[in-house]
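User: I have a structure open and would like to go through it with you. Could we take it piece by piece?
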Amino acid sequence: MLKIVKDNIPTLRQRCTPVETPLSPENQALIDEMLKYLLLSQDDAYRAKHPDCREGVGLAAPQVGHNVRMIVISYPTGDEKNPLVQYQLANPRIVMSSVKKCYLAAGEGCLSVDAEHRGRVYRDYKITVQAYEAKLKQDVTITAKGYDAIVLQHEIDHLNGILFYDHIDKIDPNKEIPGSVAI
């Protein structure tokens, strides 16, 4: 089972190395294990047996001790047409982003961060990401907005050594950006 690297470990602040695609058997096994961990973290029965495990919607390779550019995301949407968002992405990069900003009204959290960090984490409301999708074994372009864009940006930040609380204004944590959207 994978172990989560906490934010006091210096490797979490390092920029990650791209991986070759298609993925090597080792990297495919890692990204599959990351998704398995993420899905287990969402299982109430599993968390009851493993109280140190916290529920997550995304996980980046550096959070499990591998400084390579791979992320996994999985969460239900509540939408009948598309009930699940799930990605296994290698070398994701944001190629377009909106001027409009958004933030999670309840604040962001992270499996690697135990301490609470209050304040608004502003993100781009709409982004376009290019990546290699390990499950599909092909390059993909993803356009995401709102919550979907926030989750992708959070995980891609990990690949650049950035944590969510780095985005909180140090002087005014609840600073308002006019026109931004609370989600």
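User: Where does Lys175 lie?
Analyst: This is a predicted model. In it, Lys175 belongs to the loop between helix 3 and strand 8.

User: What does Lys175 touch, leaving out residues up to four places away in sequence?
Analyst: Lys175 touches Arg120, Tyr122 and Asp169. In addition, the C-alpha of Lys175 is 8.1 Å from that of Gly119, although these two residues are 56 residues apart in sequence.

User: And how does Lys175 count: buried, partly exposed or exposed?
Analyst: Lys175 counts as partly exposed, because its relative accessibility is 37%.

User: Tyr122 came up just now. Which aromatic pair is Tyr122 in?
Analyst: Let us begin with the count for the whole model, which is three aromatic pairs. One of them joins Tyr75 and Tyr147, whose rings are edge-to-face, with 5.1 Å from centre to centre and 85° between the planes. Tyr75 is in strand 2 and Tyr147 is in helix 3 (residues 147–159), so this pair ties together parts that are 72 residues apart in sequence.
Analyst: Tyr122 pairs with Tyr103, also edge-to-face, at 5.2 Å centre to centre and 70° between the planes. Tyr103 is in strand 4, while Tyr122 is in the loop between strand 4 and strand 5, so the parts tied together here are 19 residues apart in sequence.

User: Are those four tyrosines buried or exposed, and what are the values for Tyr75 and Tyr147?
Analyst: Tyr103 and Tyr122 are both buried. Tyr75 is buried as well, because its relative accessible area is 5%. Tyr147, by contrast, counts as partly exposed, at 31% relative accessibility.

User: Which ring does the charged end of Lys100 sit over?
Analyst: The charged end of Lys100 sits over the ring of Tyr125, at 4.8 Å from the centre of that ring.

User: Let us turn to the strands. In what order do the three strands of the open sheet come?
Analyst: The order is 5-4-8, and the pairing is mixed. Strand 5 (123–124) and strand 8 (181–182) are the edge strands, each pairing on one side only.

User: How many bridges are there between strand 4 and strand 5?
Analyst: There are two bridges, and strand 4 (residues 101–103) pairs with strand 5 in the antiparallel sense. Lys101 stands opposite Asp124 of strand 5.

User: What about strand 2 and strand 3? How many bridges join them?
Analyst: Strand 2 and strand 3 run antiparallel and are joined by seven bridges. Within this pairing, Ile71 is opposite Leu89 in strand 3. Strand 3 also pairs with strand 6, again in the antiparallel sense, over six bridges. There, Ile94 has Val129 of strand 6 opposite.

User: Which strands form a hairpin?
Analyst: Strand 6 and strand 7 do, with four residues between them. Lys137, in the turn, has a positive phi of about 60°. The two strands, residues 126–133 and residues 138–145, pair in the antiparallel sense over eight bridges. Glu133 has Gln138 in strand 7 as its bridge partner.

User: Now a helix. How many residues does helix 1 have, and how far does it reach?
Analyst: Helix 1 (residues 25–41) has 17 residues and reaches 24 Å from its first C-alpha to its last, close to the 24 Å expected. Its buried residues include Leu30, Ile31, Met34, Leu35 and Leu38. The buried residues of helix 1 pack against helix 2 (44–49), strand 1, strand 2 and strand 3 (84–97).

User: How many disulfides does a search of the whole structure find?
Analyst: The search finds zero disulfides. Cys53 is in none, and the nearest cysteine sulfur, belonging to Cys110, is 13 Å away. Cys53 counts as buried, at 10% relative accessibility.

User: Why is Cys102 too far for a bond?
Analyst: The closest cysteine sulfur to that of Cys102 is in Cys110, 17 Å away, which is too far because a disulfide requires sulfur atoms within 2.5 Å. Cys102 is buried too, with a relative accessible area of 0%.

User: One last residue: where does Gln63 lie, and is it buried or exposed?
Analyst: Gln63 lies in the loop between strand 1 (58–60) and strand 2 (70–76). Gln63 is buried, because its relative accessible area is 1%. Leaving aside neighbours within four places in sequence, the contacts of Gln63 include Lys3, Leu12, Cys110, Glu155 and His158.

Terms used. Residues are numbered from 1 along each chain as its sequence is written. This is a predicted model: local features need pLDDT of at least 70, side-chain atom pairs count only at pLDDT 80 or more; totals for chains, interfaces and linings use all residues. Side-chain values use heavy atoms; hydrogens and water are left out. Buried means under 20% relative accessible area, exposed over 50%, partly exposed in between (1.4 Å probe, protein chains only). Contact means heavy atoms within 4.5 Å. Two strands pair if DSSP finds at least two bridges between them. The expected span of a helix is 1.5 Å times one less than its number of residues. Rings of Phe, Tyr and Trp (its six-membered ring) pair if their centres lie within 6.5 Å; planes under 30 degrees apart count as stacked, over 60 as edge-to-face and the rest as tilted. A charge sits over a ring if NZ of Lys or CZ of Arg is within 6 Å of the ring centre and within 35 degrees of the ring normal.
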